[in-house]
Amino acid sequence: MDDNAPLLVIVDAANVVGSVPDGWWHDRRGAAERLRDRLAADGVPGHAGPVEVVLVVEGAARGVGSVPGVRVESAPGSGDDHMVDLVARAAGDRPVLVVTADRELRRRVTGLGAEVAGPRTVRPA
């Protein structure tokens with residue numbers, strides 16, 4: 001593993017947005033954009049070093065654009081499968097943190113060597 005490589009933080013947009021019942025379901029795309037903008041402004045608390053943030057969107061949030069500091073990837077199918085693929089491509093080369101509360105996704109990515117954290121890591125209640 002390259003100790004100088006930036007931490008890759010993969011954020012499960014649907015899971016993180018859905019963790020707070022604030023009406024996000026009325027505007028899924030807008031909710032994903034607000035999360036993207038918060039990540040761009042605040043980064044990932046507790047990780048001051050070099051960090052690459054990837055926000056994975058799916059469904060109605062597909063097409064949300066990237067901004068400086070946050071790369072947005074629209075999953076062509078399952079968001080979970082796309083995140084697992086991103087982890088698999090980075091596995092062994094750099095540290096990876098996946099932000100989600102989805103138990104099955106957590107199991108899949110930890111099996112590939114990623115660390116996991118819950119939605120409150122990037123979206124306090």
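The following conversation concerns charged and aromatic side-chain contacts in a predicted model.

Student: How many salt bridges are there in this model?

Tutor: The count comes to 8 salt bridges. Please bear in mind that the model is predicted.

Student: Which residue does R36 meet in a salt bridge?

Tutor: The partner of R36 is D37, and the N to O distance between their side chains is 2.8 Å.

Student: Is R36 buried or exposed?

Tutor: R36 is buried, because its relative accessible area is 11% and the cut-off for that class is under 20%.

Student: And what about D37?

Tutor: D37 counts as partly exposed, with a relative accessibility of 37%.

Student: Which residue forms a salt bridge with R108?

Tutor: That residue is D81; the closest N and O atoms of the pair are 3.0 Å apart.

Student: Where do R108 and D81 lie?

Tutor: R108 belongs to helix α4, which covers residues 103–110, and D81 belongs to helix α3, which covers residues 79–90. The pair therefore ties together parts that are 27 residues apart in sequence.

Student: How accessible are R108 and D81?

Tutor: R108 has a relative accessibility of 27% and counts as partly exposed. D81 is also partly exposed, at 43%.

Student: Staying with helix α3, which residue does D85 meet in a salt bridge?

Tutor: D85 meets R89, with 2.8 Å from N to O between the side chains. Both residues lie in helix α3, 4 residues apart, which is about one turn of the helix.

Student: What is the accessibility of D85 and of R89?

Tutor: D85 counts as partly exposed at 36% relative accessibility. R89 is exposed, because its relative accessible area is 52% and the cut-off for that class is over 50%.

Student: Which residues are joined into one network?

Tutor: E52, R71, E73 and R94 are joined into one network by salt bridges that share partners.

Student: Changing topic, how many aromatic pairs does the search find?

Tutor: The search of the whole structure finds 1 aromatic pair. This pair is formed by W24 and W25.

Student: What is the geometry of the W24 and W25 pair?

Tutor: The pair is edge-to-face, with 80° between the planes and 5.5 Å centre to centre. The angle places the pair in that class because the cut-off for edge-to-face is over 60 degrees.

Student: Are W24 and W25 buried or exposed?

Tutor: W24 is buried, with a relative accessible area of 17%, whereas W25 is partly exposed, at 41%.

Key
Residues are numbered from 1 along each chain as its sequence is written. This is a predicted model: local features need pLDDT of at least 70, side-chain atom pairs count only at pLDDT 80 or more; totals for chains, interfaces and linings use all residues. Side-chain values use heavy atoms; hydrogens and water are left out. A salt bridge is a side-chain nitrogen of Lys or Arg within 4 Å of a carboxyl oxygen of Asp or Glu. Buried means under 20% relative accessible area, exposed over 50%, partly exposed in between (1.4 Å probe, protein chains only). Helices (H or I, at least four residues) and strands (E, at least two) are DSSP runs, numbered from the N terminus. Rings of Phe, Tyr and Trp (its six-membered ring) pair if their centres lie within 6.5 Å; planes under 30 degrees apart count as stacked, over 60 as edge-to-face and the rest as tilted.
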